[in-house]
Amino acid sequence: MKFSHIITDIGNDYSPATGRFTCRYPGLYLFTTSITKMRSAADRINNFVQAFISVNGSNKVEAYTNTRADADYGDYEATATLTVHLSRGDIVVVVGSSASDMESWSNFSGVLIFPD
């Protein structure tokens, strides 16, 4: 998933073109993502949100929610948080089956908690 609206990216380690965070400073990081989707009556089949925070191609945590089949409106959100040690060059991304359906207020963030 790509997040194009960047609020803070000190060091430009996140690429909105690729959706990748590439670690330059090894240490303990905290990542979180919240994926929001608007529900409509026309979309009764794809009525879920599913996303993973992935490190170097390995899914680490999942964010998932499924709406009631008879719900015709509203929005719903799935959130996941990951604390992980990264080495220089490690890549963190959010991947998911609902990437094209996410609302603009969906987000992804990460912070270096403790450097090596």
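**Aromatic cluster, nonpolar core and a hairpin**

In this predicted model, ring pairs link Tyr 14, Phe 21, Tyr 29, Phe 31 and Phe 108 into a cluster. The count of aromatic pairs comes to 5. In one of these pairs, the ring centres of Phe 31 and Phe 108 lie 5.9 Å apart and the ring planes meet at 10°, so the pair is classed as stacked, planes under 30 degrees apart being counted in that way. Phe 31 belongs to strand E3, which covers residues 27-38, and Phe 108 to strand E8, which covers residues 107-115, so the pair ties together parts of the chain that are 77 residues apart in sequence. Both Phe 31 and Phe 108 are buried.

Members of the aromatic cluster also appear in the nonpolar interior. The largest nonpolar core holds 22 residues, and within this core Phe 21, Phe 31, Leu 86, Val 92 and Phe 108 touch the most other members. The elements that each give two or more residues to this core are E3, E4, strand E6 (75-86) and strand E7 (91-96), and of the contributions to the core that of E6, with 6 residues, is the greatest. The surroundings of Phe 21 can be described in further detail: when neighbours within four places in sequence are left aside, Phe 21 is in contact with Asp 13, Tyr 14, Tyr 29, Phe 31, Leu 86, Asp 90, Ile 91, Val 92 and Phe 108.

Strand E4, which also contributes to the core, takes part in a strand pairing. Strand E4 (residues 48-55) and strand E5 (residues 58-66) run antiparallel and are joined by 8 bridges, with Gln 50 standing opposite Tyr 64 of E5. The two strands form a hairpin with 2 residues between them, and Asn 56, which lies in the turn, has a positive phi of about 50°. Asn 56 has this positive phi although it is not a glycine. With a relative accessibility of 47%, Asn 56 counts as partly exposed, because the partly exposed class lies between the limits of 20% and 50%.

A positive phi is also found at Asn 12, where the value is about 55° although the residue is not a glycine. Asn 12 is placed in the segment before strand E1 (14-15), whereas Asn 56 is found in the loop between E4 and E5. The relative accessibility of Asn 12 is 66%, and this residue therefore counts as exposed.

Technical notes:
Residues numbered from 1 in each chain as written. Predicted model: local features only at pLDDT ≥ 70, side-chain atom pairs only at ≥ 80, totals over all residues. Heavy atoms only, no water. Pairing = 2+ DSSP bridges. Helix = DSSP H or I, 4+ residues; strand = E, 2+ residues; numbered from the N terminus. Buried < 20%, exposed > 50% of the residue type's maximum accessible area, 1.4 Å probe, protein only. Phe/Tyr/Trp six-rings, centres within 6.5 Å; stacked < 30°, edge-to-face > 60°. Core = buried A, V, L, I, M, F, W, Y, C linked by side-chain atoms within 4.5 Å. Contact = heavy atoms within 4.5 Å.
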